[in-house]
Amino acid sequence: MKTKAVRLYGKMDLRLEEFELPEIKDDEILVKIISDSICMSTYKAAKLGSDHKRVPKNIDKEPVIVGHETAGIIEKVGKKWQGKYTVGAKFALQPALNYKGSMDSPGYSYRYCGGDATYAIMPQEVMELDCLLDYRGEAFFMASLAEPMSCIIGAFHASYHTTMGSYEHRMGTLPGGTMAILAGAGPMGLGAVSYALQMEQHPRRLVVTDIDEGRLARAAALFPPEEQKRRGVELLFINTAVLSDPVARLIEINGGTGYDDVFVFAPVAPVVEQGDAILGKDGCLNFFAGPVDTAFSAKVNFYNVHYGATHIVGTTGGNTDDMREALLLSEQGRINPAVMVTHVGGLDSAAEATLHLPDRPAGKKLVYTQISMPMTAIADFAELGKTDGRFAQLAALCNKHRELWNAEAERYLLANWPAI
């Protein structure tokens with residue numbers, strides 16, 4: 001069977017190609033991929049090429065398929081898995097395998113397995129680790145977005161607090177505490193806001209900072225502070241770019257004390273230092289954003305580490321339980337990962353969109369791998385609809401859902417755009 005896929009050959013060298021997939025082995029599964037959302041981690045893999053820890057050294061001769069926020073349909077099941085997996089079933093992929101100590105992952109390390117493809121082969125370790133997950137939801141893109149949501153959920157679970165005199169860590173964010181999400185109006189920050197607000201023991205105060213007024217305005221529209229106030233959450237959006245002393249203002253907002261939980265969503269030293277400076281006693285800083293610079297560092301106040309019990313954790317990716325939680329919360333409507341999506345395109349837009357993620361900032365860019373379509377902003381649908389009725393229909397469908405991408409729009413797109 002032939003597939004079309006975006007493959008990594010070297011640093012900033014992504015190519016959309018058609019090639020033959022081998023016949024699956026008895027312990028493999030063939031899948032038809034429908035959606036894949038683009039992750040900044042894929043850009044980092046493209047930028048570093050074979051210097052990336054998950055990317056093989058010989059990609060110039062044996063390129064790998066990129067993309068790991070993946071959902072689709074099972075096409076063919078090898079004999080070993082025929083009692084567990086069913087042809088025609090929808091799936092979501094948990095790509096953080098950690099198989100026998102290896103860092104190999106779909107979307108970074110495999111010749112025939114990655115999300116930016118029409119078809120792919122799941123290697124046996126994916127099923128052995130139970131990382132090919134059954135998906136019962138309506139929209140494929142929600143299954144794709146379960147992967148970045150699982151990373152956020154993992155970060156919340158990895159944060160911890162302590163009790164003086166005890167050496168046991170209480171895992172998770174502080175129930176009823178105060179929380180700051182720095183550089184938090186981007187797609188992953190919005191996902192974190194969505195997750196924090198649905199928690200049964202949510203923070204009583206949640207402060208979201210950014211330096212982009214447009215992104216902050218969109219965030220406030222998606223999560224109206226008045227609505228959250230009725231739920232017992234004081235939600236504030238703060239533009240730190242206009243503050244002469246952001247640390248002092250953030251402390252003032254929090255009643256003159258530091259925060260219990262701080263998440264940093266940008267690998268920028270001043271933001272990390274700002275996060276450290278606003279920690280309260282026993283405050284936990286979660287450094288979520290992965291840097292490209294292997295020597296990345298920032299100043300930390302070790303006086304506060306010693307006397308204030310402040311501490312830092314860092315997480316990369318979630319685990320399978322996090323992924324299951326993301327899928328369940330989405331199916332229950334308790335989180336809406338659609339808040340992360342700002343662009344939609346076809347497989348032929350994936351390579352360029354990936355290579356230009358940093359210099360064309362936006363929310364999540366969602367790829368539908370079975371169609372051909374330029375990467376298009378949802379905000380542009382209405383204007384494009386003046387000359388193309390299909391975009392007018394997409395605009396109308398998104399308008400029904402607070403200008404967010406949704407299952408109705410997905411169905412219309414898949415039915416009305418040309419196959420690649």
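**Notebook: salt bridges, rings, a bent helix and two single residues**

I began with Asp134, which is partly exposed, its relative accessible area being 42%. The model I am reading is a predicted one, and I keep that in mind for each entry below. Asp134 forms a salt bridge with Arg136, and the closest N and O atoms of the two are 2.4 Å apart. I then looked up the partner and found that Arg136 is exposed, with a relative accessible area of 68%.

*Other salt bridges.* I searched the whole structure and noted 19 salt bridges. One that I followed up joins the side chains of Lys84 and Asp130, at 3.1 Å from N to O. Lys84 sits in the loop between strand S5 (69-77) and S6, while Asp130 sits in the loop between helix H2 (124-128) and strand S8 (132-134), so this pair ties together parts that are 46 residues apart in sequence. For exposure I wrote down that Lys84 is partly exposed at a relative accessible area of 47%, and that Asp130 also counts as partly exposed, at 27%.

I next checked Glu408 and Lys400, whose side chains meet in a salt bridge of 3.0 Å, N to O. Here Glu408 counts as partly exposed at 26% relative accessibility, whereas Lys400 is exposed, with a relative accessible area of 54%. Going back to Lys84 and Asp130, I found that salt bridges with shared partners join them and Arg324 into one network.

*A charged residue without a salt bridge.* I looked up Asp116, which lies in the loop between strand S6 (90-93) and strand S7 (119-122). Asp116 is buried yet has no salt bridge, and the nearest side chain of opposite charge, that of Lys364, is 11 Å away. Leaving aside neighbours within four places in sequence, I listed the contacts of Asp116, among them Lys4, Asp36, Gly67, Leu347 and Thr369.

*Helix H3.* I followed H3 through residues 140-158, a run of 19 residues that reaches 28 Å from its first C-alpha to its last, close to the 27 Å expected at 1.5 Å a residue. H3 bends by about 30° at Glu147, and I noted that a proline, Pro148, follows within four residues. The helix is mostly covered, as 17 of its 19 residues are buried.

*Aromatic rings.* My search of the whole structure gave 10 aromatic pairs. Trp81 and Tyr85 form an edge-to-face pair, 6.3 Å centre to centre and with 75° between the planes, and both of these residues are buried. Phe156 and Phe263 form a stacked pair, 4.5 Å centre to centre with 20° between the planes. This second pair links distant parts of the chain, since Phe156 is in helix H3 and Phe263 in strand S14 (residues 259-264), 107 residues apart. I found both Phe156 and Phe263 to be buried. I also noted a cluster in which ring pairs link Tyr368, Phe381, Phe391, Trp405 and Trp417.

*Ile420.* My last entry concerns Ile420, found in the segment after helix H14 (407-416). Is Ile420 buried, partly exposed or exposed? I recorded a relative accessible area of 27%, so Ile420 is partly exposed. Not counting residues up to four places away in sequence, Ile420 touches several residues, including Lys4, Leu16, Thr118, Leu347 and Ser372. Leu48 lies 372 residues from Ile420 along the chain, and I noted that the C-alpha atoms of the two are separated by 29 Å.

Conventions: Residues are numbered from 1 along each chain as its sequence is written. This is a predicted model: local features need pLDDT of at least 70, side-chain atom pairs count only at pLDDT 80 or more; totals for chains, interfaces and linings use all residues. Side-chain values use heavy atoms; hydrogens and water are left out. Helices (H or I, at least four residues) and strands (E, at least two) are DSSP runs, numbered from the N terminus. Buried means under 20% relative accessible area, exposed over 50%, partly exposed in between (1.4 Å probe, protein chains only). Lys and Arg count as positive and Asp and Glu as negative; His and the chain ends are not counted. A salt bridge is a side-chain nitrogen of Lys or Arg within 4 Å of a carboxyl oxygen of Asp or Glu. Contact means heavy atoms within 4.5 Å. The expected span of a helix is 1.5 Å times one less than its number of residues. The bend at a residue is the angle between axes fitted to the seven residues ending there and the seven starting there. Rings of Phe, Tyr and Trp (its six-membered ring) pair if their centres lie within 6.5 Å; planes under 30 degrees apart count as stacked, over 60 as edge-to-face and the rest as tilted.
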